[in-house]
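Work through the following exercises with the sequence and the 3D structure side by side. Try each task before you read its solution.

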Amino acid sequence: MNEALNDLLDLLDLEQIEENIFRGQSRSAVVPRVFGGQVAAQALVAAGRTVPADRHAHSLHAYFLRPGDPGAPIVYNVERIRDGRSFTTRRAVAVQHGRPIFTLSASFQLYEDGLDHQTPMPPAPDPETLPTSAERLRGYDHLPATVVEKFLEAREAIDLRYVEEPPFGKFGEPRDPHSQVWFRTNGKLDDDPLLHVVLATYVSDMTLLDSVLLAHGRGGWAVGDVVGASLDHAMWFHRPFRADEWLLYDQESPSAFGGRGLGQARIYTQDGSLAISVIQEGVVRVPR
């Protein structure tokens with residue numbers, strides 16, 4: 001396990017300060033605010049630590065309310081909404097400087113057998129044949145060195161590989177609003193199912209709105225032709241998976257309007273099992 005992954009796991013290992021109150025640390029992201037995937041992952045950790053171990057996360061729904069301050073800790077207040085025979089529901093509110101910055105509702109289920117079908121995995125190249133983030137990013141002469149280093153630092157714990165050119169790599173002409181990346185952690189994790197769900201939640205906020213940018217030939221914040229932020233985020237965890245094994249993130253954008261863009265995606269294991277569905281809307285504005 002590399003040092004960056006160890007640091008990320010430490011970041012996600014919250015301090016419990018009361019029965020339903022947890023505290024997490026923050027750190028700077030590629031933009032001057034707390035990375036949304038960090039807040040979502042920490043909130044899910046807080047919620048999950050109040051749930052019996054035999055109940056696994058099957059969905060989350062979240063709203064990003066205010067930018068997080070990377071220089072201050074975040075307090076997570078968990079409300080135990082319901083403990084049923086099969087399902088457990090929790091609500092977590094992230095607070096900084098006395099104000100909520102993020103809310104999450106999550107549901108956990110006791111395992112049971114049931115009907116089984118899925119959408120087939122789309123074609124995608126072997127991840128081992130694709131350039132790493134470092135190989136791809138260091139090949140872009142148009143990106144400032146500081147931007148490249150911020151990207152690489154943010155993704156040091158995650159091996160994330162684009163199938164096609166990312167928005168910031170090739171822009172100016174509209175493309176198909178569809179993007180694929182492979183990802184896995186840069187090191188092995190233990191077998192705790194919540195940890196794998198939390199890591200997938202963390203990564204899910206990194207690239208989901210890329211397809212919005214592709215549809216309009218925009219490069220994103222890295223080249224300064226749009227500004228944006230996540231508004232809400234929803235995930236459904238369908239089948240078991242490991243975040244330390246290759247996962248295909250197949251993303252598309254069905255709509256952009258009114259300063260907002262919608263991304264939706266499916267995450268597959270390398271053997272073709274549909275593990276997760278994701279939907280996110282974000283602010284996507286063209287600077288005036």
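**Exercise 1.** In this predicted model, find the volume of the second largest pocket, and describe the residues that line this pocket.

*Solution.* Begin with the volume, which is about 930 Å³ for the second largest pocket. Next, look towards the centre of this pocket: 27 residues line it, and the closest to its centre are Gln109, Tyr111, Phe237, His238 and Arg239. Then ask which elements give two or more residues to the lining; these are strand E3 (55-64), strand E6 (99-110), helix H5 (193-207) and strand E9 (227-237). Finally, sort the lining by class, and you will find twelve nonpolar, nine polar and six charged residues.

**Exercise 2.** Determine how many cavities of 30 Å³ or more there are, and describe the lining of the largest cavity.

*Solution.* The count comes to one cavity of 30 Å³ or more, and the space in the largest cavity is about 40 Å³. Its lining is made up of Pro131, Thr132, Ser133, Arg136, Leu137, Arg155, Leu160, Arg161, Tyr162 and Phe168. Two or more of the lining residues come from helix H3 (133-137), and two or more come from strand E7 (158-162). Divided by class, the lining residues of the largest cavity are five nonpolar, two polar and three charged.

**Exercise 3.** Which residues of helix H1 (residues 3-12) are buried, and how are these buried residues of H1 arranged when seen down its axis?

*Solution.* First list the buried residues of H1, which are Ala4, Leu5, Leu8, Leu9, Leu11 and Leu12. Seen down the axis of H1, these residues fall within an arc of 155°, so they line one face of the helix. It helps to recall that an α-helix has 3.6 residues a turn, so residues three or four places apart point the same way. Now turn to the face of H1 that points away from the buried side, where the exposed residues Glu3 and Asp10 are found. As a last step, look for what covers the buried residues of H1: the cover includes helix H2 (36-48), E7, strand E8 (178-185) and H5.

**Exercise 4.** Identify the members of the largest nonpolar core that touch the most other members, and find which element gives the largest share of this core.

*Solution.* The largest nonpolar core has 70 residues, and those touching the most other members are Leu8, Tyr76, Phe102, Leu104, Ile158, Leu199 and Ile276. Helix H5 gives the largest share, nine residues. Apart from this core lies another one of seven residues, including Leu130, Trp246, Tyr268 and Leu274.

Note on methods. Residues numbered from 1 in each chain as written. Predicted model: local features only at pLDDT ≥ 70, side-chain atom pairs only at ≥ 80, totals over all residues. Heavy atoms only, no water. 1 Å grid on protein atoms, 1.4 Å probe; cavity = no way out; pocket = protein on both sides within 12 Å on 5 of 7 lines; lining within 4 Å. Points joined across faces, edges and corners; volume = space filled by probe spheres on them. Helix = DSSP H or I, 4+ residues; strand = E, 2+ residues; numbered from the N terminus. Nonpolar A, V, L, I, M, F, W, Y, C, P; charged D, E, K, R; others polar. Buried < 20%, exposed > 50% of the residue type's maximum accessible area, 1.4 Å probe, protein only. Arc of directions from axis to C-beta. Contact = heavy atoms within 4.5 Å. Core = buried A, V, L, I, M, F, W, Y, C linked by side-chain atoms within 4.5 Å.
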